[in-house]
Amino acid sequence: MKVTELLRKDIMLMDLQSTTKNEVIDEMIASLEKHHVINNADQFKEAILKREEQATTGLGNGIAMPHAKTAAVNEATVLFAKSNKGVDYESLDGEPTYLFFMIAVPDGLYDTHLQALAALSRSLLDEKFIEGLKSAKTPDEVVNIFRKKEEESEEKEVNVQADTSEKPFIVAVTACPTGIAHTYMAEEALKKKAAEMNVDIRVETNGSEGVKNRLTDDEIRRAKGVIVAADKKVEMARFNGKPLLERPVSEGINKPEELISKVIKGDAPTFHAENDDRQKEEPSNTSVWGKIYKDLMNGVSHMLPFVVGGGILMAISFLFESTLGDDSVTFKFLNTIGGNAFNFLIPILAGYIAMSIGDRPGLMPGMVGGLMAVNSNAGFLGGLAAGFLAGYIVVFLKKLFRGMPRSLEGLKPILLYPILSLFIVGTLMYFVIGPIFSSINTAVVDFLSDMGTANAVLLGALLGGMMSIDMGGPFNKAAYTFSIGVFTDTGDGSFMAAVMAGGMIPPLAIALATTFFKNKFTDEERRSGLSNYLLGISFITEGAIPFAASDPLRIIGSSIVGSAIAGGLTQLWNTAIPAPHGGIFVIALAERPFMFLIALLIGTVITGLLIGFWRKPVKQ
């Protein structure tokens, strides 16, 4: 696929009227929405702004490439826009931006689309090409300029094997968080500058289509040095012992000559994998809680597919048990599949927590520690302890063996780390962690079993309210993770009912408020509010985030009230949902489903009315 197949003339904006960065984004998104390229403008803008928070897409030289990959996009499209006056887009060079390429990418993007977008990114480093676009007056001229560029590129694809034996040889890796634009622009900039400097270079790209042009062991061995221009974590251990420069991907685009020169002159520091204990995707000022939360969420995110798949199949099996009996083949079949998935929950949780802390060597001892937690009845809490324990033991072993001779480096990942980490984790889990957390787990289960109605209502209200505090953030995940832990250890879905009701209410209440209090919302908000009906019944709390971001006090405050009331009512009326996700689509599996729906309705109406009466009328 070519760029011209993604570049639509009918959506181009040849004379942007906006004067600020935010206005430019809104004007381009409006064109995409008008021509049905996107199905949810708010969701798409949220994805665009999230990418801008990571690093500005104002690349300098008068160019900006705002881009996002999201389900809000119907078809892969490139919108070209031009500002004749120039806009302050917070570009890397601080200069005004004149040319804009808004790239809209759907979740199910094909490799052919990605290759076209990579070609677009590389083309933007051609000054003659850029000058042509700046002088273009009509959409037809823009398309013709792109067609000519594609024809030139096809002619250049005839490979001429030059004698590079006398040239210095270096290797590089480029990567950005979304892997759509900057990855390939940095690749092109490095290759172009290397050719000018008579340097032979091989560039590996870590983009949305995966790793391309992967560097071989022989190439790394022969290279004089390595350039890693990346804004996300890439595979680094293979560069152990090589001179290496690690820089943001923007420097690969804007400072290729400086990077190549430093490597060629021997000014790059030698990279030692054993000293690479920092988490590259984290800023240096990350708090202790932020680090713990990231590690925990790495485990939870890998565990969730097992929870959702296994939990829902087990819940469906209970329906057949209630109608056909526990001897039915259907019940046993579904229950066995779901149960087998559940057997992996705690080992997966512990393994990926440990891997987040100690990298790949932490995975095995973490998973074994998690399995030992299951076998010793230490449960979910024991699995958490096993994951963090295994991760930090691996970190300790890395520091312990840092001074080993380089000739013995190969022994560490294949012999020393696996044996010693497993022995230490296994010993501590068997004699210390397992017994302690088994007692704690038993006490928690007994407490929950003996808990009176009043205490259950209070806990349900707390869990429900927490789901609305940050709508997908740490408080939300803490409540959800606690409920999964109880569900995993006891099979009791009572608290799952509380958190599910609490998480469904914010989007549902916003949808309700935008329907019945039209004068309190803009036209755009009312259109977005309709989509929250579907998001709400599907238990996707994040649909409320754009509204909460624009009016946090009223939206979040109202949501907490309604979610807490609904969470408490689910416990007062003894409802339970034996499935960790699904929203309205798993209500049939619930205990006392009608009472759950009543609790959900009450909480939604209360929050919807609070939002509607609290907000002030908007001025259209």
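Helices (H or I, at least four residues) and strands (E, at least two) are taken here as DSSP runs, numbered from the N terminus, and by that reckoning the protein has 22 helices and ten strands. This is a predicted model, in which local features need a pLDDT of at least 70 and side-chain atom pairs count only at pLDDT 80 or more, while totals for chains, interfaces and linings use all residues. Residues are numbered from 1 along each chain as its sequence is written, and side-chain values use heavy atoms, with hydrogens and water left out.

The question of confidence comes before the details. The pLDDT, which is the predictor's confidence in each residue on a scale from 0 to 100, has a mean of 84 over the protein, and 89% of the residues reach 70 or more. Confidence is highest in helix 22 (residues 593-614), at a mean of 95, and lowest in helix 3 (residues 111-123), at 62. Over residues 157-164 the pLDDT stays under 50, and the model gives this stretch one contact (heavy atoms within 4.5 Å) beyond four places in sequence. Residues 277-286 also have a pLDDT below 50, but here the model has 16 contacts beyond near neighbours in sequence. Where pLDDT is low, the predicted coordinates should not be read in detail.

Turning to the protein as a whole, buried residues (under 20% relative accessible area, with exposed meaning over 50% and partly exposed in between, for a 1.4 Å probe and protein chains only) make up 50% of the 620 residues. Among contacts between residues at least 6 apart in sequence, 73% join residues at least 24 apart. The accessible surface, computed by the Shrake-Rupley method with a 1.4 Å probe, where for residues only the protein chains shown count as cover, comes to about 28,100 Å², and 59% of it belongs to carbon and sulfur atoms.

The interior can be followed through its nonpolar cores, each a set of buried Ala, Val, Leu, Ile, Met, Phe, Trp, Tyr and Cys residues joined through side-chain atoms within 4.5 Å. The largest has 47 residues, of which Met303, Ile577 and Phe596 touch the most other members. Two or more residues are given to this core by each of several elements, including helix 10 (288-324), helix 14 (379-400), helix 16 (453-469) and helix 17 (474-490), and the largest share, ten residues, comes from helix 18. Leaving aside residues up to four places away in sequence, Ile577 touches Gly493, Met496, Ala497, Met500, Val586, Ile587, Ala590 and Phe596. Apart from this core lies another, of 32 residues, which includes Met14, Leu133, Phe146 and Ala186.

A further view of the packing is offered by Ile353, a residue of helix 12 (residues 345-358). Ile353 counts as buried because its relative accessible area is 0%. Beyond residues up to four places away in sequence, Ile353 touches Asp295, Leu296, Gly299, Leu384, Gly387 and Phe388; of the pair Ile353 and Asp295, the C-alpha atoms are 5.2 Å apart in space although the residues are 58 apart in sequence.

Charged side chains add another set of links, for the structure holds 20 salt bridges, a salt bridge being a side-chain nitrogen of Lys or Arg within 4 Å of a carboxyl oxygen of Asp or Glu. One of them joins Glu52 and Lys21 at 2.8 Å, N to O, and this pair links distant parts of the chain, with Glu52 in helix 2 (residues 41-54) and Lys21 in helix 1 (residues 21-34), 31 residues apart. Both Glu52 and Lys21 are buried. Another salt bridge, between Glu187 and Lys191 (3.7 Å, N to O), lies within helix 6 (residues 182-196), where its partners are four residues apart, about one turn of the helix. Glu187 counts as buried because its relative accessibility is 2%, whereas Lys191, with a relative accessible area of 39%, is partly exposed.

In helix 7 (residues 217-222), Arg222 and Asp218 are likewise four residues apart, about one turn of the helix, and their side chains meet in a salt bridge of 3.2 Å, N to O. Arg222 is partly exposed because its relative accessibility is 44%, and Asp218 is partly exposed at 37%. Elsewhere, salt bridges that share partners join Glu525, Asp551, Arg554 and Arg615 into one network.

Glu525 also belongs to the buried residues of helix 19, along with Ser528, Gly529, Asn532 and Gly536. Helix 19 (residues 523-537) bends by about 30° at Ser531, the bend being the angle between axes fitted to the seven residues ending there and the seven starting there. Just after this helix, Phe539 takes a positive phi of about 65°.
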